[in-house]
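Biologist: Before we discuss this protein, could you put its sequence and its model in front of us, so that we can go through the fold step by step?

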Amino acid sequence: MRERILVVDDEPNMLRLLKTILTDRTGYEVDTTNNPLEVSQLLKEKSYDLVISDLKMPLVDGIDLIDIIRKIDAQLPIVIITAYGTLETAEEAVEKGAYDFITKPFRKEAILITVKRALEWRRMQRELATLKAPSA
């Protein structure tokens, strides 16, 4: 099964860029939305292995989106991307539950490495849950 990634950004060009980077020779299945208010519904309709979200968006910012996602899937890794990165913002995102924080402009390799690490972490979390589950 291909790993599924949800990308949330209010800029259509950034959505296209990230989708291209993440689908080009990786095999990831990538869904995108430019409306952070759709995230709850999308997460209920499909199972995702990772969410990548912009920090600064109208209506709901990336920090608030972390709380929304955590209510649906507490273990889902979230990577925050922003052009407005500060140490304080990165710390706040990680404290809220973000897996990682990347500043724009970013290099393609940096995104791919972060995504790979986050997906590996997700796989390990699932394996751990399976091992902890009581045997039938």
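Modeller: This is a predicted model, and from the N terminus on its elements run β-α-β-α-β-α-β-α-β-α. That gives five helices and five strands in the protein.

Biologist: What radius of gyration does the protein have, and what does the globule rule give for 136 residues?

Modeller: The C-alpha atoms fill a box of roughly 50 × 30 × 30 Å along the principal axes. For 136 residues the globule rule gives 14 Å, and the value for the model is close to that, so the protein is as compact as a globular protein of that length, with a radius of gyration of 15 Å.

Biologist: In which order do the five strands lie in the sheet?

Modeller: The sheet is open and its pairing is parallel, with the strands in the order β2-β1-β3-β4-β5. The edge strands, each of which pairs on one side only, are β2 (29–33) and β5 (100–103).

Biologist: By how many degrees are neighbouring strands of this sheet turned against each other on average?

Modeller: With the direction of the strands ignored, the average over neighbouring strands of this sheet is 20 degrees.

Biologist: Which residue of β3 stands opposite L6, and which residue in β4 is the bridge partner of I52?

Modeller: Strand β1 (residues 4–8) runs parallel to strand β3 (residues 50–54) and is joined to it by four bridges, while β3 and β4 also pair in the parallel sense, over four bridges. Opposite L6 in β3 stands V51, and the partner of I52 in β4 is V79.

Biologist: How many residues of β4 are buried, and on which faces?

Modeller: In a regular strand the side chains alternate between the two faces of the sheet. In β4, I78, I80 and T82 are buried on one side, and V79 and I81 are buried on the other, so that both faces are covered. The count of buried residues in β4 is therefore five of five.

Biologist: Which strands does helix α3 lie across, and at what angle does it run to β4?

Modeller: Helix α3 spans residues 62–72 and lies across β1, β3 and β4 (78–82). Its angle to β4 is about 165 degrees.

Biologist: Where around the axis of α4 do the buried residues lie, and what covers them?

Modeller: In helix α4 (residues 87–96) the buried residues are T89, A90 and A93. They cover an arc of only 100 degrees around the axis, which puts them on the same side of α4, whereas L87, E88 and E95 are exposed on the other side. What covers the buried residues includes α3, β4 and β5.

Biologist: Is T89 buried or exposed, and which residues does T89 touch?

Modeller: T89 lies in helix α4, and it counts as buried because its relative accessibility of 17% is under the 20% cut-off. Not counting residues up to four places away in sequence, T89 touches L55, I63, Y84 and F101.

Biologist: Which residue that is not a glycine has a positive phi, and is that residue buried or exposed?

Modeller: Most residues other than glycine have a negative phi, and most peptide bonds are trans. In the loop between β3 and α3, however, a residue that is not a glycine has a positive phi of about 75 degrees, namely L59. With a relative accessible area of 69%, L59 is exposed.

Biologist: Which peptide bond is cis, and what is its omega?

Modeller: P105 has its place in the loop between β5 and α5 (108–132). The peptide bond that leads to P105 from K104 is cis, with omega near -5 degrees.

Biologist: Is F106 buried or exposed, and with which residues is F106 in contact?

Modeller: F106 is also placed in the loop between β5 and α5, and its relative accessible area of 18% makes it buried. Leaving aside its neighbours within four places in sequence, F106 is in contact with M14, L17, L18, I21, I81 and I111.

Biologist: What share of the 136 residues is buried, and how much area does the protein expose?

Modeller: Buried residues make up 42% of the 136 residues. Carbon and sulfur atoms supply 52% of the exposed area, which comes to about 7800 Å².

Methods. Residues numbered from 1 in each chain as written. Predicted model: local features only at pLDDT ≥ 70, side-chain atom pairs only at ≥ 80, totals over all residues. Heavy atoms only, no water. Pairing = 2+ DSSP bridges. Helix = DSSP H or I, 4+ residues; strand = E, 2+ residues; numbered from the N terminus. Axes fitted to C-alpha atoms, helices over the stretch in contact; angles between N-to-C directions. Contact = heavy atoms within 4.5 Å. Rg over C-alpha atoms; globule rule 2.2 N^0.38 Å. Buried < 20%, exposed > 50% of the residue type's maximum accessible area, 1.4 Å probe, protein only. Areas by Shrake-Rupley, 256 points an atom, 1.4 Å probe, with all protein chains shown as cover. Arc of directions from axis to C-beta.
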